[in-house]
Amino acid sequence: MRYFYSADAIRDAEAPLLASLPEGKLMRRAAFGLATAIARELGSVSGKTVCAVVGSGDNGGDALWAAMFLRRRGARAVAILLKPDKAHRAGLHAFLRAGGRIVENLPSATDLVIDGVVGISGSGPLRPDAAAVFESADSLGVPVVAVDLPSGVDVGTGATEGPHVRPAVTVTFGGLKPVHALGNCGRVELVDIGLDLAPSDVRAMDAVDVAQRWPVPGPKDDKYTQGVAGVMAGSATYPGAAILCTGAAVAATSGMVRYAGTAAAEVVSHWPEVIATSSHATAGRVQAWVIGPGLGTDESAAAALVFALETDLPVIVDADALTILSAHPELVAGRQAPTVLTPHAGEFTRLAGTAPGDDRIADTRRLADQLGVTVLLKGNVTVVAEPGAGPVHLNVAANSWAATAGSGDVLSGVIGALLAAGLTPGEAAAAAAYVHARAADLSAADPGPAPAPTSASRILAHLRTALASIL
């Protein structure tokens, strides 16, 4: 599990180390890790030109010390001091003693730029003088390594208000911050500097976490004990939604899937293992309901939603069912059974009354608390928030291959299968989002080697391959 920490939490963890270590020791430890990461990015250090762009405070000190270490390994090291009178004194002294030079502008032969302008205490966009340096780096095609976070990007939200650094790599220290999931940080490398950090409430699953939670049948399991997922999706207008959603539930579980709706014949023709009926009244016993994809918003769809939410079963509400729910939020008021909503930005706006803003974590938490449900806000960074003091799970997609019509129907089916198997709503949504994103990546790379546009059907077809790569 990867955990993300606020700037205050990092500073609190640094305090006892700073008090126990000789002055400057912790900064040099961080800077050595930074220099090591930069050396890996360069490939070879000797003869390369590295330019540190230095602001005031400790972030600039990290950059200067790192440039000093690289200079000792044979690099040509130069520095642009944005505030010469406020540059970190010990770092600047070490940099100059090692043979580093101060320059006014970025040399045209620069191989790499170190962004040491502002750290986790900074806010707002780059000032004009700093922005000009990084515009020059962009025009020359020089890669940037950011120290702790890209300057001009908010540490807590990843939001930008103007000019900001767009790094190839961000090297951070001690613990990840929300910006490393939510912002444009390039590849993120974490340097261990010895901080004692407890698990935080903002986290992201890795493959091992998904594997530990995914329901795998044991020697005494049968199709019922593994979870029976029920799906109410699709319509005469959108039968494909039923096929995608039900097929995803089939791919995600070794138990049983029941389908109830007008697309029963189409579903069975694609997935003969599904037990299908035309009405939820005759669907039989299930252990979780998936409702909404392609269902429509008419009276019969509303009745199906009411039926599902009046049960004591876990329910995932998606697509058209979210539209109905946005007009009748009282349907989930006081509901005790697990409930998961999976809105995209437009559906979120209808549910919350306002669009998700820069702080996607806070906004998702607010809606979860407002409705008393688990909310999965879709996006390149998926945010899963539970009501109350529950954790927030982030899932960072490497790209946007999953942003294609019908992809959400596939995700809903996977979440429904996991809820039926007994996973908690937050972990079911987070694990499903992880596998869904991996399936999207695999579908875009097949047959490869160059990624190509994909589709929901191809994502569905790669779900089992994605699971196999994890389990």
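1. Let's start with one pair of residues in two neighbouring strands: in β8, the bridge partner of Thr172 is Leu190. Please keep in mind as you look around that this is a predicted model. Thr172 belongs to β7, and five bridges join β7 to strand β8 (residues 187-191), with the two strands running parallel.

2. Now turn to the strand before it. Strand β6 (residues 144-147) is joined to β7 by three bridges, and these two also run parallel. Here you can find Ala146, whose bridge partner in β7 is Thr170. As general background, strands of a sheet pair through backbone hydrogen bonds, either parallel or antiparallel.

3. Is β7 buried or exposed? Five of the five residues of β7 (residues 169-173) are buried, so this strand is largely enclosed by the rest of the structure. In a regular strand the side chains alternate between the two faces of the sheet. For β7, both faces are covered: Val169, Val171 and Phe173 are buried on one side, and Thr170 and Thr172 are buried on the other.

4. Next, have a look at the open sheet of eleven strands, which has mixed pairing and the order β1-β9-β18-β17-β16-β15-β14-β13-β10-β11-β12. Which strands stand at the edges? They are β1 (2-4) and β12 (275-277); each has a single partner strand, so one side of each is left without a neighbour in the sheet. On average, neighbouring strands of this sheet are turned by 20° against each other, direction ignored.

5. Within that order, β14 (residues 315-317) and β15 (residues 339-341) pair in the parallel sense over three bridges. Try finding Ile316, which has Val340 in β15 as its bridge partner. Helix α8 (residues 239-252) lies across β10 (228-232), β11 (256-260) and β13 (288-291), and runs at about 160° to β11.

6. A pair of helices is worth a look too. The axes of α3 (residues 58-72) and α4 (residues 89-97) come within 8 Å and cross at roughly 20°. That makes α3 roughly parallel to α4, and their crossing is left-handed. Leu64, Trp65, Ala67 and Met68 in α3 meet Ala90, Gly91, Leu92, Ala94 and Phe95 in α4. The residues of this contact divide into eight nonpolar, one polar and no charged.

7. Finally, visit Ala304 in helix α10 (residues 299-310). Ala304 has 5% relative accessibility, so it counts as buried. Leaving aside neighbours within four places in sequence, Ala304 is in contact with Met232, His280 and Ile291. Ser200 is 104 residues from Ala304 in sequence and 38 Å away in space, C-alpha to C-alpha.

How values were computed. Residues numbered from 1 in each chain as written. Predicted model: local features only at pLDDT ≥ 70, side-chain atom pairs only at ≥ 80, totals over all residues. Heavy atoms only, no water. Axes fitted to C-alpha atoms, helices over the stretch in contact; angles between N-to-C directions. Helix = DSSP H or I, 4+ residues; strand = E, 2+ residues; numbered from the N terminus. Parallel < 35°, antiparallel > 145°, perpendicular 65-115°, else oblique. Left-handed = near helix turned anticlockwise from the far one by under 90°. Contact = heavy atoms within 4.5 Å. Nonpolar A, V, L, I, M, F, W, Y, C, P; charged D, E, K, R; others polar. Pairing = 2+ DSSP bridges. Buried < 20%, exposed > 50% of the residue type's maximum accessible area, 1.4 Å probe, protein only.
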